[in-house]
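Please open the model in your viewer and keep the sequence beside it, so that each selection can be followed in both. The tour below moves from one selection to the next and says what is found at each stop.

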Amino acid sequence: MTVTTPLANPPATPPATNGVLRVAPAAPADAAAHFRASLVFHADASDVAAALGAGGDPGFVLLDSRSTESWDQGHIPGAVHLPTALIAEQAAEVLDKDVPVVTYCWGPGCNGATRAALALAELGYRVKEMLGGFEYWAREGFPFETWQGPGRRDADPLTSPVETAECGC
């Protein structure tokens, strides 16, 4: 039988034995800079819905960067439809460079909104990407439109609170 005795002066931070802490977290100032930068580039579906639902000018244009077939299948009311492949030739006809643009595509498994945001930024537009895309818009129970008319799903309790409209984020 092996007996171990506790260290007289254990290390201030125990050695990481798991993948989470194998690389130490960033210093607080570095973490703050990183997360602030993330918010410069991203908005979430709930914040976009709140801004659009508040009435008046939300201060941005919401852009659906998917194909016409995808748009017809379902899109966010009030969004502008401009597929990524057409941005270079049509953005100036549809968008005002003085108004920020928020792009979206299908969902987290699709980088179409990222590609659209890049194309717009390269043309001189201020742009953010809506995290979660159309998938999370619909999963959170927000209204959408299809070629057949308006639609809405019950909110998924894994993505949105059931008892209140506020998630507390």
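Begin by selecting Trp106, Phe134 and Phe144, which ring pairs link into a cluster; please keep in mind throughout that this is a predicted model. In the structure there are three aromatic pairs. For Trp106 and Phe134, the ring centres lie 6.2 Å apart and the planes stand at 75°, so this pair is edge-to-face. The two residues come from distant parts of the chain, since Trp106 sits in the loop between E4 and H5 while Phe134 belongs to helix H6, 28 residues apart. Colouring by accessibility would show Trp106 as partly exposed, at a relative accessible area of 32%, whereas Phe134 is buried, with 8%.

Another aromatic pair to select is Trp137 with Phe142, a tilted one, with 4.9 Å from centre to centre and 50° between the planes. Here both partners, Trp137 and Phe142, are buried.

Stay with helix H6 (residues 133–139) and turn to charged side chains, selecting Glu135 and Arg139, which are four residues apart in this helix and therefore separated by about one helical turn. A salt bridge joins the two, with the closest N and O atoms 3.3 Å apart. Glu135 counts as partly exposed, at 34% relative accessibility, and Arg139 is likewise partly exposed, with a relative accessible area of 23%. Add Asp156 to the selection, and a salt bridge between its side chain and that of Arg139 appears, at 2.6 Å from N to O. This pair links distant parts of the chain, for Arg139 is in helix H6 and Asp156 lies in the segment after strand E7 (149–151), 17 residues apart. Through shared partners, the salt bridges join Glu135, Arg139 and Asp156 into one network.

How many salt bridges does a search of the whole structure find? The search finds three, and one of them is formed by Arg66 and Asp64, whose closest N and O atoms are 2.7 Å apart. When you select this pair, note that Arg66 and Asp64 are both buried.

Next, show the strands as a cartoon and look for the open sheet, in which five strands with parallel pairing follow the order E1-E5-E4-E2-E3. At its edges are strand E1 (42–44) and strand E3 (80–81), each of which pairs on one side only. Within the sheet, E4 and E5 pair in the parallel sense over three bridges, and a useful place to zoom in is Val102, which stands opposite Lys128 in E5. Helix H1 (residues 28–41) packs on the sheet, where H1 touches E1 and E5, and its direction makes about 95° with that of E5.

For the last stop, select helix H5 (residues 112–122), and ask which of its residues are buried. They are Gly112, Ala113, Ala116, Ala117 and Leu120. If you look down the axis of H5, these buried residues fall within an arc of 135°, so they line one face of the helix. Now display what covers them: the surroundings include strand E2 (61–64), helix H4 (87–94), strand E4 (101–104) and strand E5 (127–131). Finally, follow the chain beyond the helix to Gly124, which comes after H5 and has a positive phi, near 100°.

Terms used. Residues numbered from 1 in each chain as written. Predicted model: local features only at pLDDT ≥ 70, side-chain atom pairs only at ≥ 80, totals over all residues. Heavy atoms only, no water. Buried < 20%, exposed > 50% of the residue type's maximum accessible area, 1.4 Å probe, protein only. Arc of directions from axis to C-beta. Contact = heavy atoms within 4.5 Å. Salt bridge = Lys/Arg side-chain N within 4 Å of Asp/Glu carboxyl O. Pairing = 2+ DSSP bridges. Axes fitted to C-alpha atoms, helices over the stretch in contact; angles between N-to-C directions. Phe/Tyr/Trp six-rings, centres within 6.5 Å; stacked < 30°, edge-to-face > 60°.
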